[in-house]
Amino acid sequence: MEPLLRVEHMTVCYNGKPAVEDISFELVQGQTLGIVGESGSGKSTIVKAIMGSLGNSGEVTGGDIYYKGQNIIDVRPKEQRKLYGSEIAMIFQDCRSAFCPIRKIGAQIYESLTEHEKKLKKREAYARAGALMKKIGMVDYERVLNSYPFELSGGMNQRVGICTAMLLNPSLLLADEPTSALDVTVQKQVLEEMKLMRREFQTAMILVSHNIGVIGAMADKVLVIKNGKAVDYGSSDEVLHHSDNAYTKCLMESVPHLRREPDLGQWREWNV
Ligand SMILES: Nc1ncnc2c1ncn2[C@@H]1O[C@H](COP(=O)(O)OP(=O)(O)O)[C@@H](O)[C@H]1O
Ligand SMILES: [Mg+2]
């Protein structure tokens, strides 16, 4: 089966200087890849390269990125608009600042949906958003849709950001530290909601975190990066439990609360 996403020997430079080098991984539908590494190791750069949002100073200078078998490094602007949003969507560390501060949440969701579905009625967009919010336990979705971003908590803004991305029904969701700014309890809740949506929509996901506990709780595969280079890559089980790599082991040892539930085969706790 052709993987949904295949990154082959990718090198990304800012102003000609490499930030990540020779990165390769692949992802099939519904799978979650966790990318873990210290701050500045190049995690966001990998995600931005896939999203085509490296900015003026950044450029993919080597390797290829295949999405559904098609090389997407040089897609034209028109195809790009179709690809990003409806096929590949992104959620940010701070969704509140990604929203427009002076427009209500509902209006912004409506706008984001009509970019891909021109004829969508406002009422239908609100109904869809409300239904998804309700499904993940946001009972007060009407209030949320009628609020400005500053009227909602950080956790609530993240939930809305995640819902907005999922409403576009992307095949691939890029999540760059989506819960790092949240309290531990809210973080757990938001991660649970992401799992629920991932199941519901069969979305593949790249989850970036400096927190290996979060990665352990969510990912099927793990890529460990250090100074822009891959130091470890494999199934979560291989990387998190059976790695010979000294750096990975060191990352694991820095998470004292991480333990495996023998019955469930899942990670149950993480520190922040
Ligand atoms: N726009 C940019 N211009 C120049 N250098 C950048 C830019 N963005 C990131 N970098 C550099 O690239 C490296 C990787 O950064 P980043 O991908 O943001 O790491 P992470 O997300 O793991 O914290 C860092 O050395 C950072 O300083
Ligand atoms: Mg980053």
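This is a guided tour of one structure, going from selection to selection in the viewer. Keep in mind throughout that the model is predicted.

**Helix α4 and what covers it**

Begin by selecting residues 105–114, which make up helix α4. Eight of the ten residues of this helix are buried, so α4 is largely enclosed by the rest of the structure. To see which ones they are, colour Ile-105, Gly-106, Ala-107, Gln-108, Ile-109, Ser-112, Leu-113 and Thr-114, the buried residues of α4. If you then add α5 (122–135), α6 (141–145) and α7 (154–167) to the view, you will have included elements that cover those buried residues.

**From α4 to α5**

Keep α4 and α5 on screen, and look at how the two helices cross: they pack at an angle of about 110°, with their axes 9 Å apart. Angles of 65 to 115 degrees count as roughly perpendicular, and α4 and α5 are therefore described as roughly perpendicular to each other. Show side chains next, and you will find Gly-106, Ala-107, Ile-109, Tyr-110 and Leu-113 of α4 meeting Lys-122, Ala-125, Tyr-126, Ala-129 and Met-133 of α5. Sorted by class, this contact of α4 with α5 has eight nonpolar, one polar and one charged residues.

**Thr-164, on helix α7**

Now select Thr-164, which is found in helix α7. Is this residue buried or exposed? Thr-164 is buried, with a relative accessible area of 11%. Leaving out residues up to four places away in sequence, Thr-164 touches Phe-99, Ile-109 and Ser-112; Ile-109 and Ser-112 are also among the buried residues of α4.

**From α7 to α8**

Stay with α7 and add helix α8, residues 184–201, which packs with α7 at an angle of about 10°, the axes being 10 Å apart. The pair is therefore roughly parallel, in a view that can be set beside the roughly perpendicular α4 and α5. On the α7 side, the contact is made by Gly-155, Arg-159, Ile-162, Cys-163 and Met-166, while α8 contributes Val-186, Gln-189, Val-190, Glu-193, Met-194, Met-197, Arg-198 and Phe-201. By class, the contact of α7 with α8 has eight nonpolar, two polar and three charged residues.

**Rings to look at**

A search of the whole structure finds one aromatic pair. Select Tyr-148 and Phe-150 to see this stacked pair, with 5.8 Å from centre to centre and 10° between the planes. Tyr-148 is partly exposed, at a relative accessible area of 28%, whereas Phe-150 is exposed, at 57%. For another ring, go to Tyr-66, where Arg-6 lies over the face, at 4.6 Å from the ring centre.

**Gly-42, in a loop**

Move next to the loop between β3 (32–36) and α1 (43–51), where Gly-42 has its place. With 9% relative accessibility, Gly-42 counts as buried, and, apart from its neighbours within four places in sequence, it is in contact with Val-20 and Ile-225. You may also draw a line from the C-alpha atom of Gly-42 to that of Val-12, since the two residues are 30 apart along the chain and these atoms are separated by 9.3 Å.

**Two residues with positive phi**

Most residues other than glycine have a negative phi. Asp-22, however, has a positive phi of about 55°; select it in strand β2, residues 17–27, where at 46% relative accessibility it counts as partly exposed. End the tour at Asn-169, whose phi is near 50° and also positive, and which has its place in the loop between α7 and β7 (172–176). Asn-169 counts as partly exposed, at 45% relative accessibility.

Methods
Residues are numbered from 1 along each chain as its sequence is written. Chains are lettered from A and ligands numbered from 1 in the order in which they are written. This is a predicted model: local features need pLDDT of at least 70, side-chain atom pairs count only at pLDDT 80 or more; totals for chains, interfaces and linings use all residues. Side-chain values use heavy atoms; hydrogens and water are left out. Buried means under 20% relative accessible area, exposed over 50%, partly exposed in between (1.4 Å probe, protein chains only). Helices (H or I, at least four residues) and strands (E, at least two) are DSSP runs, numbered from the N terminus. Contact means heavy atoms within 4.5 Å. Rings of Phe, Tyr and Trp (its six-membered ring) pair if their centres lie within 6.5 Å; planes under 30 degrees apart count as stacked, over 60 as edge-to-face and the rest as tilted. A charge sits over a ring if NZ of Lys or CZ of Arg is within 6 Å of the ring centre and within 35 degrees of the ring normal. Axes are lines fitted to C-alpha atoms, for helices over the stretch in contact, and angles run from 0 to 180 degrees between N-to-C directions. Angles under 35 degrees count as roughly parallel, over 145 as roughly antiparallel, 65 to 115 as roughly perpendicular and the rest as oblique. Ala, Val, Leu, Ile, Met, Phe, Trp, Tyr, Cys and Pro count as nonpolar, Asp, Glu, Lys and Arg as charged, and the others, Gly among them, as polar.
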